[in-house]
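This report goes through the helix packing, selected buried residues and backbone features of one chain. The sequence and structure come first.

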Amino acid sequence: MGRTKLYLDDDIPSHSKRVWRLFAAKPQGLIGLWGVAILLLLSCLGPYIAPYAAEYQDQSALLMPPSWSNQGAVSHFLGTDDLGRDIFSRLLHGAQYTFGVALLVVICALFAGVIIGSISGMMRGLKSSILGHLLDALLSIPSLLMAILVVAITGPGLSNVFWAVGISLTPQFVRSIHQTVHDELQKEYVTAATLDGANPLQVFWYVIMPNVWDTVIIQTTLAMSAAILDIAALGFLNLGAQAPMPEWGAMVMQGLDNFLFAPWTVTIPGISILLSVLAVNLVGDGLRSALAPMRN
């Protein structure tokens, strides 16, 4: 028995351990994971470690370039905007409005999508067909366009953006989970579990759901990058966070008037958005590569 237990523990690693080994084998995924961890940390601690308040204006340092420029100063590491506000501090404060809100939106959309998608996926016949066509119709509308439509109805503001982006992302979760559950129902092991006397709830939770988590994880990374871009885009269009809130997309929009002679007011928050999406996508690509052998 001792030899058998040792064999099971050492030679047959758990599913999560195997996925982690495959994920860690590629440096791109680890780089993305570190980036996401840093963004999550900044979303929680950014306002506390920022050297200045987000709205603090230094009238003696209007449009000061970054510190690596000859006209820059270490006191304003990434420069200032046209009101003398420290860009580095505003980026730290704004992490919670761009990345933090995107994370909360995705969690809520994931929760709603898992519930609705699981219930609909277990349906058969006409109900399942009608819901599938309805989801296809909703997914034909780009998430950003749907978010703009919701904000146009509810009005601008970060709280309305939260609901708008959440509503636009939920059908993606519902569709992917609905399709996965529906496909798993056709497998022989589900039929075997049903013939063994398992009720529909037991079949779903103990038989189907362990094979759905991979889809949930991959869809979450895709939705996270889409949420960051949608929130930033709505802020850029002045439909999201309103001034003086330091949301990264709004910061890009506010710096456009000074772009020709103060490009750092646009490029620095723009690069922050780019790096955030890149980090999430690297994690997503790493997870897809790690989970692919598990699904084969």
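In this predicted model, helix α6 (residues 143-154) and helix α7 cross at roughly 140°, and their axes come within 8 Å. That angle makes α6 oblique to α7, because only angles over 145 degrees count as roughly antiparallel. The crossing of α6 past α7 is right-handed. On the α6 side the meeting residues are Ser 143, Met 146, Ala 147, Val 150, Val 151 and Thr 154, and on the α7 side Asn 160, Val 161, Ala 164, Val 165, Ile 167, Ser 168, Leu 169 and Gln 172. Sorted by class, this contact holds nine nonpolar residues, five polar ones and no charged ones.

A second helix pair can be described in these terms. Helix α3 (residues 27-49) packs with helix α4 (residues 87-122) at an angle of about 130°, and the two axes are 7 Å apart. This makes α3 oblique to α4. Here the crossing is left-handed. From α3, the contact involves Val 36, Leu 39, Leu 40, Leu 42, Ser 43, Gly 46, Pro 47 and Ile 49; from α4, it involves Leu 92, His 93, Ala 95, Gln 96, Phe 99, Gly 100 and Leu 103. Ten of the residues in the contact of α3 with α4 are nonpolar and five are polar, with no charged residue.

Both pairs thus have contacts without charged residues. They are described in this way because two packed helices are characterised by the angle between their axes and the distance between the axes.

**Residues inside the helices**

Helix α7 spans residues 158-184 and contains Phe 173. Is Phe 173 buried or exposed? Phe 173 has a relative accessible area of 0%, so it is buried. Apart from neighbours within four places in sequence, Phe 173 is in contact with Val 106, Ala 109, Leu 110, Gly 113, Gln 219, Thr 220 and Ala 223. By contrast, 39 Å separates the C-alpha atom of Phe 173 from that of Asp 81, a residue 92 positions away along the chain.

Thr 170 also has its place in α7. With a relative accessible area of 16%, Thr 170 is buried, because the limit for that class is under 20%. Residues up to four places away in sequence aside, Thr 170 touches Ala 109, Ala 112 and Gly 113. Ala 109 and Gly 113 also appear among the contacts of Phe 173.

Helix α10 holds Thr 221. Its relative accessibility is 11%, so Thr 221 counts as buried. Which residues does Thr 221 contact, leaving aside its neighbours within four places in sequence? They are Val 280, Gly 284, Leu 287 and Arg 288.

**Backbone features in the loops**

The loop between α10 (213-236) and α11 (248-254) contains Pro 244. The peptide bond joining Ala 243 and Pro 244 is cis, with omega about 5°. Asn 238 is found in the loop between α10 and α11 as well. Phi of Asn 238 is positive, near 65°, in a residue other than glycine.

Leu 63, in the loop between α3 and α4, is another non-glycine residue with a positive phi, near 50°. Leu 63 is partly exposed at 23% relative accessibility, and Asn 238 is partly exposed at 39%.

The relative accessible areas of the residues discussed above are listed here.

| Residue | Relative accessible area | Class |
|---|---|---|
| Phe 173 | 0% | buried |
| Thr 221 | 11% | buried |
| Thr 170 | 16% | buried |
| Leu 63 | 23% | partly exposed |
| Asn 238 | 39% | partly exposed |

**The chain as a whole**

How many helices and strands are there in the chain? There are twelve helices and zero strands, so the order of elements from the N terminus is α-α-α-α-α-α-α-α-α-α-α-α. The C-alpha trace spans about 80 × 55 × 25 Å along its principal axes.

The chain has 296 residues, and 43% of them count as buried. Its accessible surface is about 15,700 Å², with 69% of that belonging to carbon and sulfur atoms. Among contacts with a separation of 6 or more, 70% are between residues 24 or more positions apart.

Terms used:
Residues numbered from 1 in each chain as written. Predicted model: local features only at pLDDT ≥ 70, side-chain atom pairs only at ≥ 80, totals over all residues. Heavy atoms only, no water. Axes fitted to C-alpha atoms, helices over the stretch in contact; angles between N-to-C directions. Helix = DSSP H or I, 4+ residues; strand = E, 2+ residues; numbered from the N terminus. Parallel < 35°, antiparallel > 145°, perpendicular 65-115°, else oblique. Left-handed = near helix turned anticlockwise from the far one by under 90°. Contact = heavy atoms within 4.5 Å. Nonpolar A, V, L, I, M, F, W, Y, C, P; charged D, E, K, R; others polar. Buried < 20%, exposed > 50% of the residue type's maximum accessible area, 1.4 Å probe, protein only. Areas by Shrake-Rupley, 256 points an atom, 1.4 Å probe, with all protein chains shown as cover.
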